[in-house]
Amino acid sequence: MTTVSAPEAAKPSRGFRLDLKTAGPLIALILLVILGYSLNPLFLGEGNVTNILTRSAFIGIIAVGATFVITAGGIDLSVGSMAAFIAGVMIIIMNWAVDAMGASLATVLFGIGCSLILGVGAGFINGFLTTKAKIEAFIVTLGTMGIYRSLVTYFADGGTLSLAGDARDIYRPVYYDSFLRIPYPVWVFIFVAIIGWILMNRTAFGRYCMAIGSNEHVARYSAIKVDRVKTWTYILQGLCVSLATIIYVPRLGSASAATGVLWELEAIAAVIIGGTMLKGGFGRVGGTIIGALILTAIGNILNLTEIISNYLNGAVQGVIIVAAVYLQRGSFRAGRKKAAE
Amino acid sequence: MSLKAIALGLLATSALVGGAVAQDEKITIGVSIPAATHGFMGGLNWHAAEAEKRLEAANPNIDLVIVTADGPEDQASDLEDLVSVQQIDALVVLPFESEPLTEPVRAVKDTGAFITVVDRGLTDPTIQDVYVSGNNTEMGVNSAEYMKTRLKEGDNIVILRGIPTVLDTERFDAFMGAIEGTGINVLDDEFANWNRDDGFEVMQDFLSRFPDIDGVWAQDDDITLGVVEAIKQAGRESEMFVVGGAGMKEIIKGVMDGDALVPVDVLYPPAQIATAMDVTVAHFTSNGPVTGSYILGSPLITQENAEAYYFPDSPF
């Protein structure tokens, strides 16, 4: 309860509070960049920066969707499996289209269209089961997580689904080519981030999400269509997963049971590192973007250096994640709270 | 359907099964393997299913029951079910992990079943009647021997490892032992988790970090596919070559077609499960002795011999 009421209680010093909230993840990212650069100056080379941005696009785009779900008090554990499932089905559909009518731009566009429909549909199922069937989001999405993961394993016979060579050649540039020296996946990421930011901060939908996440009952009494808004957050999440898949498939042209494993945890971690509350009620799309960049940068730095034993990679990640969240929630905040009183 | 009807149906089925056992000395062999969660295990599952079809067609009195597990605990439960429900006469098991499964397999052995252990050995080898395995040490050595034929003193290689396990360490140590003293520099090694995406990202980072790489030991074909994409993205195909491992059909096809970037592969056969099933069935059908250890070779697959290792229908 205290956390939920905290933003309201702190209204008088709002500007100051928001400043530090925003700055927390950013400070963590800057510290990480300095660390990366000092360990290996190549970290800030153009090629490496492009790599980090492109890689963070997958988790980042999914995490923007997750920001809405979590802000409205929900959770979606199915995103990683959903990505694998959509990628798999998309590849099957495109291979089928190549057999039926040959590989062309239309084949790829057809695959992309199907991916969007699948994403929205999968999101709707999660939302519908959560709101109408009144099953906890954790259980619904835990269930769909298992379903999508097994379906993709089943479609691939336990192996790997690979996109037919001709379609692959047409589709490949979507991941590998750039516009104004910025790769297409990064453009998609930027686009999703901007739309997400506007939706969260400048529309009634964003305010509804926060209201529902703070207190669902109060939101219901305030004439907010709670079920509809919550369902929309899952649809939005599905759409984001589908967009991430559209730029993921051309990278390796394949999907398997190993695709997207643990993406759900990375996406949720990016959201929380970015300053969104896991219990809902407060969402920050900008922070989520920084969270995704932090997660990707950690992996990249570990690959660029030899000083840390490979066996400890997970430990380093854990420490940095906890430290990043501490920067915005830890003793500074407690201190300021006392000062404000 | 009423409960009564189901109960009647069950009774009828069990009566039929009972009759069959009485008529013909039916032999049930349980096969317990990890689920198809990645490429290699997918291939292993496929080969197990193929062997089941083939062996059951050839031996009408033999029934093979394949069960797949998601983890060591799950597999231990599977073993209990195989004993209590299927009443197996023999067990072919690829243990998820050696330590936790040693006692459950011993319990199966105590029921009088014939035990064949595949790939990952148990901590107590006296339990097994037959042991069939790929050879991680030879795999590492053969990869290194090939590297030595292509590289000279002062050349640089990078290594992408799998998941931190005994198996990975065996390969790695054997490889490092074999290139020792050749003057080939290992720039760095990182774990890529037997996964294409991780292979791609780790290789991207190696490429931005090291301007001069002459060879890549990816030691796994899934990792290799990711590595190849990263090298192509950087446009550095002509500078280096990649050595993978396992025997994935896409890679074998490339080797057959004379791919310069991935010129060879080193076998670590997912079909070893079929070998194990064959040997186990032979224990009941052949007049020759079968107990003992079968360590399969890890030969170098080159353009000349690739065709023999190509299974276009396998998912792996």
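Let's start inside chain B of this predicted model, at strand S4(B). Phe114(B), Thr116(B) and Val118(B) point one way from S4(B), while Ile115(B) and Val117(B) point the other way. Whichever way they face, these residues are buried, and that covers 5 of the 5 residues in S4(B), residues 114–118. "Buried" has a cut-off here: 20 or more other C-beta atoms lie within 10 Å of the residue's own, with 12 or fewer the residue is exposed, in between it is partly exposed, and the C-beta atoms are placed from the backbone. Strands and helices are DSSP runs numbered from the N terminus, with E and at least two residues for a strand, and H or I and at least four residues for a helix.

A quick word on ground rules. Residues are numbered from 1 along each chain as its sequence is written, and chains are lettered from A and ligands numbered from 1 in the order in which they are written. Because this is a predicted model, local features need pLDDT of at least 70 and side-chain atom pairs count only at pLDDT 80 or more, whereas totals for chains, interfaces and linings use all residues.

So what does S4(B) pair with? Strand S3 (residues 90–93) of chain B runs parallel to S4(B), joined by 4 bridges; two strands pair if DSSP finds at least two bridges between them. Ala90(B), for instance, has Phe114(B) as its bridge partner. Strand S5 (residues 130–133) of chain B also runs parallel to S4(B), with 3 bridges, and there Thr116(B) stands opposite Val130(B).

To get from S3(B) to S4(B), follow helix H4 (residues 98–110) of chain B: the three make a right-handed β-α-β unit. Right-handed here says that, with the strands pointing away from the viewer, the path from the first strand over the helix to the second runs clockwise. Asp110(B) is in H4(B). Asp110(B) is exposed, because just 10 other C-beta atoms lie within 10 Å. The C-alpha atoms of Asp110(B) and Ile127(B) are 9.4 Å apart, with their positions 17 residues apart along the chain.

You can find another right-handed β-α-β unit in chain B, made by S6(B), helix H6 (residues 166–179) and S7(B). S6(B) (residues 156–161) and S7(B) (residues 185–191) run parallel, with 6 bridges joining them. In this pair, Arg161(B) is partnered with Phe191(B).

Now look at strand S2 (residues 62–69) of chain B, where Asp63(B) sits. Asp63(B) counts as partly exposed because it has 19 C-beta neighbours inside 10 Å. Leaving out residues up to four places away in sequence, Asp63(B) touches Lys26(B), Thr28(B) and Glu56(B); a contact needs C-beta atoms, placed from the backbone, within 7 Å. Val202(B), by contrast, is 45 Å from Asp63(B), C-alpha to C-alpha, and 139 residues away in sequence.

Where does chain B meet chain A? There, 29 residues of chain B are in contact with 27 residues of chain A. Helix H2 (39–58), S7, helix H7 (196–209) and helix H8 (221–234) of chain B each supply at least two residues to that side. H7(B) gives the most, with 9 residues. Sorted by class, this side of chain B has 10 nonpolar, 11 polar and 8 charged residues. Ala, Val, Leu, Ile, Met, Phe, Trp, Tyr, Cys and Pro count as nonpolar, Asp, Glu, Lys and Arg as charged, and the others, Gly among them, as polar.

Cross over to chain A and you'll find 16 helices and 4 strands. Its radius of gyration is 21 Å, close to the 20 Å that the globule rule gives for 341 residues, so chain A is as compact as a globular protein of that length. That radius is taken over C-alpha atoms, and the rule is 2.2 Å times the number of residues to the power 0.38. Of the 341 residues of chain A, 51% count as buried.

Two residues in chain A have an unusual backbone angle. Most residues other than glycine have a negative phi. Yet Lys134(A), not a glycine, has a positive phi of about 55°, and so does Leu180(A). Lys134(A) is in the loop between helix H5 (105–131) and helix H6 (137–155) of chain A, while Leu180(A) is in the loop between strand S2 (178–179) and strand S3 (182–183). Lys134(A) is exposed, with 9 other C-beta atoms within 10 Å, and Leu180(A) is exposed as well, with 5.

Key. Contact = placed C-beta atoms within 7 Å.
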